[in-house]
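Colleague: Before I rely on the labels attached to this model, I would like to hear how each of them is justified. Could you take me through the reasoning, setting values against criteria as you go?

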2 protein chains.
Amino acid sequence: MSESGSEVRKAARKVSTRQQDPEGTRQNIIEVASQEFALNGLSGARIDEIAAKTRSSKRMIYYYFGDKEGLYLSALESAYATVREGEAELDIAGLSAVDGLRRLVEFTFTHHHQHEDFIRMVMIENIHHGQYLERSSVVRDLNVTAIAHIKDLYERGLVEGQFRPGLDPLEIHWQISALCFFNVSNRATFSRLFARDFGAPDMLERLKQNTVEMVLRYVAKPGALGE
Amino acid sequence: MSESGSEVRKAARKVSTRQQDPEGTRQNIIEVASQEFALNGLSGARIDEIAAKTRSSKRMIYYYFGDKEGLYLSALESAYATVREGEAELDIAGLSAVDGLRRLVEFTFTHHHQHEDFIRMVMIENIHHGQYLERSSVVRDLNVTAIAHIKDLYERGLVEGQFRPGLDPLEIHWQISALCFFNVSNRATFSRLFARDFGAPDMLERLKQNTVEMVLRYVAKPGALGE
DNA sequence: ACCACAATGTACGAACTGGTTAGTTTGGTC
DNA sequence: GACCAAACTAACCAGTTCGTACATTGTGGT
């Protein structure tokens, strides 16, 4: 009784007075920091600005994350983690290899489009030559899932006789990533350069279908797509 | 005699004492600034650092470019200009549409690879949502050349009966750009994530051939590639 | 009831950084 | 050779920015 009673009291206090909530504070800081870093880059983001938008204070940032780079690294890891969770939603069981790959590409395209902050974090991290990612121990096993999906599909496609042999699943993943990533990462300059809105819904739909088609034509045996 | 004499004296002095060389100073600043911005981003680059690496001084930066953003914009324009010049080297006259497109893709892939600083500037500009590019009046007419090449090739391919109808040259350009750009822009994180060196010469060659094949399979009529 | 320690608030400072002020040198022209 | 605009130098300044020292409060265990 005393135990459950104190827990109830604790929970109630947590909600009402909102004091002493380490995990919440930590989470809140990461959320704010992620947005700021994604928007302004590592050097562009301001600790004071992040602190101000937080429910807590600058002191807490240094308490939990040590310094600016520590905070950036946590934000980066958080971005990858969030996207990984999202990727679990892809369902290609029960589909043919061709249909499965189609859905995978469509999913990736849309998923990237919906997670612009993640894309921006990856861009920023690439500007820094991936040096923080390298320091991270968390992120390593992450994209293995994506590759596993493609490898599975590709092998099924070979068995079903619709895919051509000799391709590398990792390289297919590379191509899909390139097309889907670029659509978000370079939209600004591309739109400006060609005076066309590459973010308009109908344009996005076209680009998505182009991407699907491009990947399928690359992987499929001649004639397997019913042309 | 007096005129040519003074010119000789002028040139000699220019070389020996290196004083009063506005265009040279300007150019030198841009070169240094481009490197620094490409390496560290707009907010990451330091005016003092740039000035120190220059043959002249910080004061000169403000004298010629007004402020940091002015310098960045000039560096950005310079990057686009340099790459445009390079693109003029592409020669596809006299080739069939298929061979021409193949060469175009190979050229673009290699060209992007050789101009990493340009790629990084474009990445950085995209982080800034292309706001500086928009302000620029110089860059506008630039990529028209690339599109013109592709449009020409595509139409020839239609006439030759090897390309399928209904495609948009701009969208083909988009796809080629995506694949070639990504290879440089995301190499760091991709290599780290999959513990493979995507910058190794043999890997690059594979990726280049994959890219060529992907584009050709997308554009060509079924059977036109002699499978 | 009390204590050790985790969590948090406040105020401050040293170094950095973009930008400027004030003045000097250079080279062409009449 | 006097003059002047353009090119250039050196020292400086004010606002910013990361990070910290110090003080205080809440909490769980005994």
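**Labels and the values behind them**

Colleague: What makes B:Phe182 count as buried?
Modeller: B:Phe182 has a relative accessibility of 3%, and buried means under 20% relative accessible area, with exposed reserved for over 50% and partly exposed for what lies in between (1.4 Å probe, protein chains only). With 3% set against that limit, B:Phe182 is therefore buried. B:Phe190, with a relative accessible area of 7%, is buried by the same criterion.

Colleague: What kind of model do these values come from, and how are residues and chains labelled?
Modeller: This is a predicted model, in which local features need pLDDT of at least 70 and side-chain atom pairs count only at pLDDT 80 or more, while totals for chains, interfaces and linings use all residues. Residues are numbered from 1 along each chain as its sequence is written, chains are lettered from A and ligands numbered from 1 in the order in which they are written, and side-chain values use heavy atoms, with hydrogens and water left out.

Colleague: How many aromatic pairs does the structure hold over all chains, and why are B:Tyr154 and B:Phe163 called stacked?
Modeller: There are 22 aromatic pairs over all chains. In the pair of B:Tyr154 and B:Phe163 the centres are 6.2 Å apart and the planes make an angle of 15 degrees. Rings of Phe, Tyr and Trp (its six-membered ring) pair if their centres lie within 6.5 Å, and planes under 30 degrees apart count as stacked, over 60 as edge-to-face and the rest as tilted; the 6.2 Å and 15 degrees therefore make this a stacked pair. Both B:Tyr154 and B:Phe163 are buried.

Colleague: And what makes B:Phe182 and B:Phe190 an aromatic pair of their particular kind?
Modeller: Their ring centres lie 5.6 Å apart and their planes stand at 80 degrees, so the pair is edge-to-face. B:Phe182 and B:Phe190 also belong to a cluster linked by ring pairs, in which they are joined by A:Trp174, A:Phe181, B:Phe194 and B:Phe198.

Colleague: How do you know that the charged end of A:Arg164 sits over the ring of A:Tyr218?
Modeller: The charged end of A:Arg164 is 4.9 Å from the centre of that ring, and a charge sits over a ring if NZ of Lys or CZ of Arg is within 6 Å of the ring centre and within 35 degrees of the ring normal. In chain B, the charged end of B:Arg164 likewise sits over the ring of B:Tyr218, 4.9 Å from its centre.

Colleague: Why is the contact of A:Glu171 and B:Arg206 called a salt bridge?
Modeller: The closest N and O atoms of A:Glu171 and B:Arg206 are 2.7 Å apart. A:Glu171 lies in helix H10 (residues 169–185) of chain A and B:Arg206 in helix H12 (residues 201–219) of chain B, so the pair joins two chains. A salt bridge is a side-chain nitrogen of Lys or Arg within 4 Å of a carboxyl oxygen of Asp or Glu, and the 2.7 Å therefore qualifies. A:Glu171 is buried, with a relative accessible area of 3%, whereas B:Arg206, at 40%, counts as partly exposed.

Colleague: What makes A:Arg192 and B:Glu134 a salt bridge?
Modeller: Their closest N and O atoms are 3.7 Å apart. This pair crosses between chains, from helix H11 (residues 187–194) of chain A to helix H8 (residues 131–135) of chain B. Both partners count as partly exposed, A:Arg192 at 29% relative accessibility and B:Glu134 at 47%.

Colleague: Which salt bridges does A:Glu213 form?
Modeller: A:Glu213 meets A:Arg217 at 3.6 Å, N to O, and it also forms a salt bridge with B:Arg164, where the closest N and O atoms are 3.1 Å apart. A:Arg217 and A:Glu213 both lie in helix H12 (residues 201–219) of chain A, four residues apart, about one turn of the helix. A:Arg217 is buried at 11% relative accessibility, while A:Glu213 is partly exposed at 29%.

Colleague: How many salt bridges are there between chain B and chain A, and what area do the two chains bury?
Modeller: Between chain B and chain A the count is eight salt bridges, and a search of the whole structure finds 24 over all chains. The two chains bury about 5,600 Å² between them, 64% of it on carbon and sulfur atoms; buried area here is the accessible area (1.4 Å probe) that two parts lose on being put together, summed over both. The contact, which means heavy atoms within 4.5 Å, takes 58 residues from chain B and 58 residues from chain A.

Colleague: How many helices and strands does chain A have?
Modeller: Chain A has twelve helices and zero strands, where helices (H or I, at least four residues) and strands (E, at least two) are DSSP runs, numbered from the N terminus. Of its 227 residues, 50% count as buried.
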